[in-house]
Amino acid sequence: MNPLDDPLHKLVGDRTAKVLGEHLDLHTTGDLLHHYPRRYAERGELTRLADLPVDEYVTVVAQIAKADKRTYGGGSGVRLEVVVTDGSGSLTLVFFSKAAHAHAHRLIPGRRGMFSGKVSVFNRTRQLAHPDYQLLDAEDGKEAVDAFAGRLIPLYPACKQITSWRIAQAVDTAVDSLAATGWAGVGDPLPPELRSGRGLVALPEALEKVHRPRSKQDIAQARDRLKWDEAFVLQVALARRRADESALPAVPRRPAADGLLAAFDARLPFTLTDGQRKVSEEVFADLATEHPMHRLLQGEVGSGKTMVALRAMLGVVDAGGQAAMLAPTEVLAQQHHRSITEMMGDLAEAGLLGGSDLGTKVVLLTGSMGAAARRHALLDLVTGEAGIVVGTHALIEDKVRFHDLGLVVVDEQHRFGVEQRDALRAKAERPPHLLVMTATPIPRTVAMTVFGDLETSVLDQLPAGRSPIATHVVPAAEKPHFLARAWERVREEVAAGHQAYVVCPRIGDEEDTKADAKKAEKAGKTGKAGKAGTRAEAEKAEAAALDDERRPPLAVLEVAAGLAAGPLAGLRVEVLHGRMAPEEKDEVMRRFTAGEADVLVATTVIEVGVNVPNATAMVVMDADRFGVSQLHQLRGRVGRGSAPGLCLLVTDTPEMSPARGRLDAVAATLDGFELSRIDLEQRREGDVLGQAQSGSRSSLRMLTVVDDEEVIAAAREEATAVVAADPDLAAHPDLRSALQSLLDADREEFLDKG
């Protein structure tokens, strides 16, 4: 048995093992040794005390400058105040009562140590009350012993319940125990030829060097090796997924030479972009094979992904199959259905008076449809009369049957769980082809990790006729007249015959307030637990906590009423949000699309898919409460016609705040791929295998998908070669073990259903 799989209590005792398990999710020796130092303190290094964050747990390395005992409460109480310094600032350590007497003889000027606790402020002075500490000099108060000279001291990610150096003691115990046996039984997941070819040290050496470095070169060698472990094992899992997919049988779908697709192309009033033609060729080449297509189509807002997907669906219908498009919301499903039927014209009216003989039926299926319309749609699907269906989660229900499902198109894939996608694919007799679309541009490294089991196509060219979008930040608190000017600009756009969106973070009635409270409570619990949710969820919880300290987020209902009675009085103002009845939402969108409304005040229900070419202006209220990628998606709703677009990001945040920085980044570029990188750098990648699905801590501890592109790309090549030569990894037992430990059962299932 691999000693890295041994439970921690064997090494560190039940009490320490319980704390490590409950609060840091470390349960085995391997977990502990892969809990890497967050940084290293050098002997003599001065950590900047001046920059310590208030209300956070910290570990500092500093020297005691002075120590004083003082009485209080008329002499009944004793307080020990110890001032430590690092040259940049000072920090006060405070002990009361018995602790003051107990520590006074050890904490004397001249000694150096590590001190850990929660930073608070008293009388404008930063302090640690009753901190844990470990002195780094000899007990007699002399200079530090030679053993400490020049040593790199690992400082570990810690928590209130266990300090960095106690984690270090546990790590030392583990390293000593394994080193005493010569690291017997500890396998190495990297094949020997890969290690030698890449100049990587063996795993035991890497673990010793990362926890007990003698030089910065040791740290660099260890990090290089351990990054490869994470990248390679993950890429092997994804390579096996790709290999399994390519081995499945599928029905080749080749469009007829003079069929539906050719008729559709002949009627197009515009020319496809070079990017659309190139991606379409990739898609049709996949559809023509006897193995299921498994492709990710990503691209800029408005780059024409829907057109590529529609042509693929028409090609499958040409070949005698059916195609299903799964959309995350009813508004988007209705929008897709409307735009597809409009683009196809009589080709979407097979069997109807005036319909084309080459055509097919295009049906809509949502959960809120009436019983009669639903029966007709289901009948058209099971008989094959409908070649294309656009729907929401309703497509996944058991009652839905297809005559011959050949292609599944998933729009805005991040809105769906893998189980939902898998349930729709399972409705085909043989595995259908899969086209996954996202309007959120994804950096190459993320695509290779999160979607490493998919072939990727990118649309980065906008169709002819798309107009530029100017984006500006409106600092409403600092310059109220800027906000007034924003509403004037909206009136000017309407006067010129155009329309505008106003986006708000929430809906704004009593029911919405209760829902927000429940979400905030849930987010707060998630943030405290640190395990149950993704980092993004934790950041939302943190943002919610910050929001509590200022006014509530602006709401659709209040803003719409205020605008209609104030700066936009006389204009036709409509509202749209997710809790409206489906028929009402559809009617509002119909009126707005037809130009019967001037201003649409909405939530992010319009974020993707909504296409109204006459809408030229957007005002995003409380824009700092939205993410970078989300703002980019919202902005893509304007400038979709011949007139230029205008997006105004309204915020109350101060000029130098991180939130303002995010808004400035959005205003500075229309490049979604650049913004996605900025977004990722700010919130990091969390668990690329879907932490929300598995509930476990992130599988990436050393590797960062933002910075380690070369490692990830190289690991993908190596993994593909290894799996091609040995699909079952029979010759790589240590690699198989690493897969099992890194990818628990839930994550394996997540990958299998990707």
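Okay, let's start with a helix pair: H11, residues 305-318, packs against H12, residues 330-344, at an angle of about 65°, and their axes are 12 Å apart. That makes H11 roughly perpendicular to H12, since the category runs from 65 to 115 degrees. Keep in mind that this is a predicted model. As for handedness, H11 and H12 cross in the right-handed sense.

So who touches whom here? From H11 you've got Thr-306, Met-307, Leu-310, Met-313 and Leu-314, and they meet His-336, Ile-340, Met-343 and Met-344 of H12. Sorted by class, that contact of H11 with H12 comes out as 7 nonpolar and 2 polar residues, with no charged ones.

Right, on to the sheet. It's an open one with 6 strands, ordered E16-E21-E20-E17-E19-E18, and the pairing is parallel. What sits at the edges? Strand E16, 469-475, and strand E18, 573-576: each has a single partner strand, so one side of each has no neighbour in the sheet. On average, neighbouring strands of this sheet are turned by 20° against each other, ignoring direction.

Let's zoom in on the E18 edge. E18 pairs with E19, residues 599-602, in the parallel sense over 4 bridges. If you want a spot to look at, find Val-575, which stands opposite Val-601 in E19.

Now, the helices on this sheet. H20, residues 582-593, lies across E17, E18, E19 and E20, and runs at about 140° to E18. Then there's H22, residues 658-668, which lies across E16 and E21, running at about 160° to E16.

That's my tour, thanks.

Note on methods. Residues are numbered from 1 along each chain as its sequence is written. This is a predicted model: local features need pLDDT of at least 70, side-chain atom pairs count only at pLDDT 80 or more; totals for chains, interfaces and linings use all residues. Side-chain values use heavy atoms; hydrogens and water are left out. Two strands pair if DSSP finds at least two bridges between them. Helices (H or I, at least four residues) and strands (E, at least two) are DSSP runs, numbered from the N terminus. Axes are lines fitted to C-alpha atoms, for helices over the stretch in contact, and angles run from 0 to 180 degrees between N-to-C directions. Contact means heavy atoms within 4.5 Å. Angles under 35 degrees count as roughly parallel, over 145 as roughly antiparallel, 65 to 115 as roughly perpendicular and the rest as oblique. A crossing is left-handed if the near helix is turned anticlockwise from the far one by less than a right angle, and right-handed if clockwise. Ala, Val, Leu, Ile, Met, Phe, Trp, Tyr, Cys and Pro count as nonpolar, Asp, Glu, Lys and Arg as charged, and the others, Gly among them, as polar.
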